[in-house]
Amino acid sequence: MRHSLPAAIGMAFVLAFAHPTSAQTQSAALTGLVSSAEEPVMEGVLVSATRAGSNITVTVVTGADGRYSFPQDRLAPGQYALTVRAAGYELEQPGKIEI
């Protein structure tokens with residue numbers, strides 16, 4: 001059975017964490033939380049960021065708390081296309097974000 005996770009849900013979580021607080025600035029370029037109506041915390045979800053004009057993709061995995069974090073040294077400032085993959089879900093992709 002496949003569930004749908006609308007882009008609006010995924011985008012809301014991505015945008016909420018796109019600009020880290022001063023405490024997060026030291027270690028993370030982008031953090032977020034992945035959840036759905038069926039699962040308030042989604043572990044093992046792949047979140048990928050590809051910088052505009054680049055063919056290099058950085059992928060992280062959500063932890064037991066549903067959170068992900070891209071290390072600051074892995075994402076330079078710029079525009080990124082984000083994709084999310086979760087087993088059992090058909091995801092509409094969140095789109096682009098500026099870091």
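Let's start with a serine: Ser-36 is buried, with a relative accessible area of 9%. Here buried means under 20% relative accessible area, exposed means over 50%, and partly exposed is anything in between (1.4 Å probe, protein chains only). Ser-36 sits in the loop between S2 and S3, and its side chain makes a polar contact with the side chain of Tyr-89, at 3.2 Å. A polar contact is a pair of N or O atoms within 3.5 Å; within protein, one must be able to donate a hydrogen and the other to accept it, and residues adjacent in sequence count only if both atoms are side-chain atoms.

A word on what you're looking at. This is a predicted model, in which local features need pLDDT of at least 70 and side-chain atom pairs count only at pLDDT 80 or more, while totals for chains, interfaces and linings use all residues. Residues are numbered from 1 along each chain as its sequence is written, and side-chain values use heavy atoms, with hydrogens and water left out.

Now the overall layout. The protein has 2 helices and 8 strands, where helices (H or I, at least four residues) and strands (E, at least two) are DSSP runs numbered from the N terminus. Walk along from the N terminus and the elements go β-α-α-β-β-β-β-β-β-β. Of the 99 residues in the protein, 36% are buried. Take the contacts (heavy atoms within 4.5 Å) between residues at least 6 apart in sequence, and 54% of them join residues at least 24 apart. On the outside, the protein exposes about 5,600 Å², and carbon and sulfur atoms supply 55% of that; these areas come from the Shrake-Rupley method with a 1.4 Å probe, and for residues only the protein chains shown count as cover.

Next, a sheet to trace by eye. In it, 4 strands form an open sheet in the order S4-S3-S6-S8, with antiparallel pairing. Two strands pair if DSSP finds at least two bridges between them. S4 and S8 (95–98) are the edge strands, each pairing on one side only. Neighbouring strands of this sheet are turned by 30 degrees against each other on average, direction ignored; the axes behind that value are lines fitted to C-alpha atoms, for helices over the stretch in contact, and angles run from 0 to 180 degrees between N-to-C directions.

At one end of that order, S3 and S4 run antiparallel and are joined by 5 bridges. The two form a hairpin with 5 residues between them, and Gly-53 in the turn has a positive phi of about 80 degrees. At the other end, S6 (residues 79–85) and S8 pair in the antiparallel sense over 4 bridges, and Ala-81 has Lys-96 in S8 as its bridge partner.

What do the faces of S4 look like? In a regular strand the side chains alternate between the two faces of the sheet. In S4 (residues 57–61), Val-58 and Val-60 make up the covered face, while Thr-57, Thr-59 and Val-61 make up the uncovered one.

Two residues of S3 are worth a closer look. Leu-46 belongs to S3 (residues 46–51) and is partly exposed, with a relative accessible area of 24%. Opposite Leu-46 in S4 stands Val-61. Leu-46 also comes up against S6: the C-alpha atoms of Leu-46 and Val-84 are separated by 5.6 Å, though the two are 38 residues apart along the chain. Ser-48 lies in S3 too, and at 8% relative accessibility Ser-48 counts as buried. The side chain of Ser-48 makes a polar contact with the side chain of Thr-59, at 2.7 Å. Setting aside residues up to four places away in sequence, Ser-48 touches a list of residues including Phe-70, Ala-81 and Leu-82.Then there's the greasy part. The largest nonpolar core has 19 residues, and those with the most contacts inside it are Leu-30, Val-45, Val-47, Tyr-68, Phe-70 and Leu-75. A nonpolar core is a set of buried Ala, Val, Leu, Ile, Met, Phe, Trp, Tyr and Cys residues joined through side-chain atoms within 4.5 Å. S2 (28–33), S3, S4, S5 (67–71), S6 and S7 (89–91) each supply at least two residues of this core, and S6 gives the most, with 3 residues.

Finally, follow the chain to Ile-99, in the segment after S8. Ile-99 is partly exposed, with a relative accessible area of 21%. Leaving aside neighbours within four places in sequence, Ile-99 is in contact with Ala-29, Leu-30, Leu-75, Pro-77, Gly-78 and Tyr-80.
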